[in-house]
Amino acid sequence: MIGILSATCFVFAMATMGFGATYDDVVVIYSPHPDDETLSFASTIMNATKGEAAVHVVMLTRGGASGAIHAVNQRLESMGEAPIEVKTFMEARIREATLALRRMGVPASHIHIRDYPDGALKPDHVAEEIRAFESEFPGALHATTTYLDRHPDHIAAGEALLTLYDSGHVARAQFHVPKYLWDNDMPGELDSWEPEWTAPYQEALNAFQIWLPEAGYYSVGYKSARGSFEQRAEEPRSRWHGPHGETQKNSTSTK
Ligand SMILES: [Zn+2]
């Protein structure tokens, strides 16, 4: 009797401590710059927040290398206001992206702000993040920009995830293709999109257009990539492929 009781207690303890638990309902998105999460991962985010999955978003850099700071400062100077420093600019970028994610339903506690160097992101930086999240949520789906991208930071993030997939450290991986590369014979298919996602997504896109200097909003997204935001209002779906260009159907990444 004592033996059975002990065994039961042991099994209960194992369950409560999370041994052997899998987190196939957790999605972790690694966004190289503050706007990629909104421009390239919307379907994945909306699918998670409106469904049963928990979504975490890791903002890898704060986007300090963007030339959009000059457009911001020109506008401020034309208004007789003092220009902003890069630190304030980066805070503004993170503020915009965070507001967009909140509008898409991502809880504040699931938005993870990092400070890796914009323009010099390395696969090792991203691999460290992926390993940490896989350790916390074994079996999670990891999504980042494709290694076939042309931006070095996007490539670094994609290469980190592909390497960890190939070495068996993660089992589920998505590689997202930015809209500006869709015509370049890239692998990948479009995600599905539900009509009720359009309104909150439009609100998320609008976060990058807010000009409210007294509150730290400088419309950075629209100043750096207005065309991309306008395109996304028309075509919100994300496009992605599995490891080594696998199609969504063949990859292990869909639940
Ligand atoms: Zn980017």
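How many helices and strands are there in the protein? There are nine helices and nine strands, and since you are looking at a predicted model, please read everything below as a description of that prediction. Let's walk through it together.

A good place to start is the protein as a whole. Of its 255 residues, 42% are buried. Among contacts with a separation of 6 or more, 78% join residues that are 24 or more positions apart. Keep that figure in mind, as several of the residues visited below have partners from elsewhere in the sequence.

Now let's turn to the interior. The largest nonpolar core is made of 57 residues, and Val27, Ile29 and Ile45 have the most contacts inside it. Which helix gives the most to this core? That is α5, covering residues 86-103, which supplies seven residues. To get a feel for the surroundings of one core residue, select valine 27. Setting aside neighbours within four places in sequence, valine 27 is in contact with Thr44, Ala48, Ala53 and Val55, and also with Ala140, Leu141 and Ala143.

Next come the helix pairs. Two packed helices are described by the angle between their axes and the distance between the axes. Find helix α6 (residues 123-136) and helix α7 (residues 152-166), whose axes lie 8 Å apart and pack at an angle of about 55 degrees. An angle between 35 and 65 degrees falls outside the parallel and perpendicular ranges, and α6 and α7 are therefore oblique to each other. The crossing of α6 past α7 is right-handed. On the α6 side, the contact is made by Pro123, Val126, Ala127 and Ile130. From α7 come Ala156, Ala157, Glu159, Ala160, Leu161, Thr163 and Leu164. Sorted by class, this contact between α6 and α7 has nine nonpolar residues, one polar and one charged.

One residue from each of these helices deserves a visit. Alanine 156 is found in helix α7. Is alanine 156 buried or exposed? It has 24 C-beta neighbours inside 10 Å, and the cut-off for burial is 20 or more, so alanine 156 counts as buried. Not counting residues up to four places away in sequence, alanine 156 touches Leu121, Lys122, Pro123 and Val126. With lysine 122, the C-alpha atoms are 5.5 Å apart in space, although 34 residues separate the two in sequence.

Glutamate 134 is the one to pick in helix α6. Glutamate 134 has 20 other C-beta atoms within 10 Å, and because burial begins at 20, this charged residue is buried. Beyond its neighbours within four places in sequence, glutamate 134 is in contact with Ala140, His169 and Val170. The C-alpha atoms of glutamate 134 and valine 170 are separated by 6.9 Å, with their positions 36 residues apart along the chain.

A second helix pair is formed by α4 (residues 68-78) and α9 (residues 220-234). Their axes come within 8 Å and cross at roughly 125 degrees, which makes α4 oblique to α9. The crossing of α4 and α9 is right-handed. Ala68, Ala71 and Val72 of α4 make the contact with Val220, Lys223 and Ser224 of α9. By class, that gives four nonpolar residues, one polar and one charged in the contact of α4 with α9.

Finally, have a look at some places outside the helices. Most residues other than glycine have a negative phi. Aspartate 35, in the loop between β1 (26-31) and α2 (36-40), has a positive phi of about 155 degrees although it is not a glycine. Aspartate 35 counts as buried, with 25 C-beta neighbours inside 10 Å. Histidine 244 also has a positive phi, near 60 degrees, and is placed in the segment after β9 (239-241). Histidine 244 has 14 other C-beta atoms within 10 Å and is partly exposed.

The last stop is alanine 215, in the loop between β7 (211-212) and β8 (217-218). Why does alanine 215 count as exposed? The limit for an exposed residue is 12 or fewer other C-beta atoms within 10 Å, and alanine 215 has 10. Alanine 215 and arginine 95 are 120 residues apart in sequence, and their C-alpha atoms are 9.8 Å apart in space.

Conventions. Residues numbered from 1 in each chain as written. Predicted model: local features only at pLDDT ≥ 70, side-chain atom pairs only at ≥ 80, totals over all residues. Axes fitted to C-alpha atoms, helices over the stretch in contact; angles between N-to-C directions. Helix = DSSP H or I, 4+ residues; strand = E, 2+ residues; numbered from the N terminus. Parallel < 35°, antiparallel > 145°, perpendicular 65-115°, else oblique. Left-handed = near helix turned anticlockwise from the far one by under 90°. Contact = placed C-beta atoms within 7 Å. Core = buried A, V, L, I, M, F, W, Y, C linked by C-beta atoms within 7 Å.
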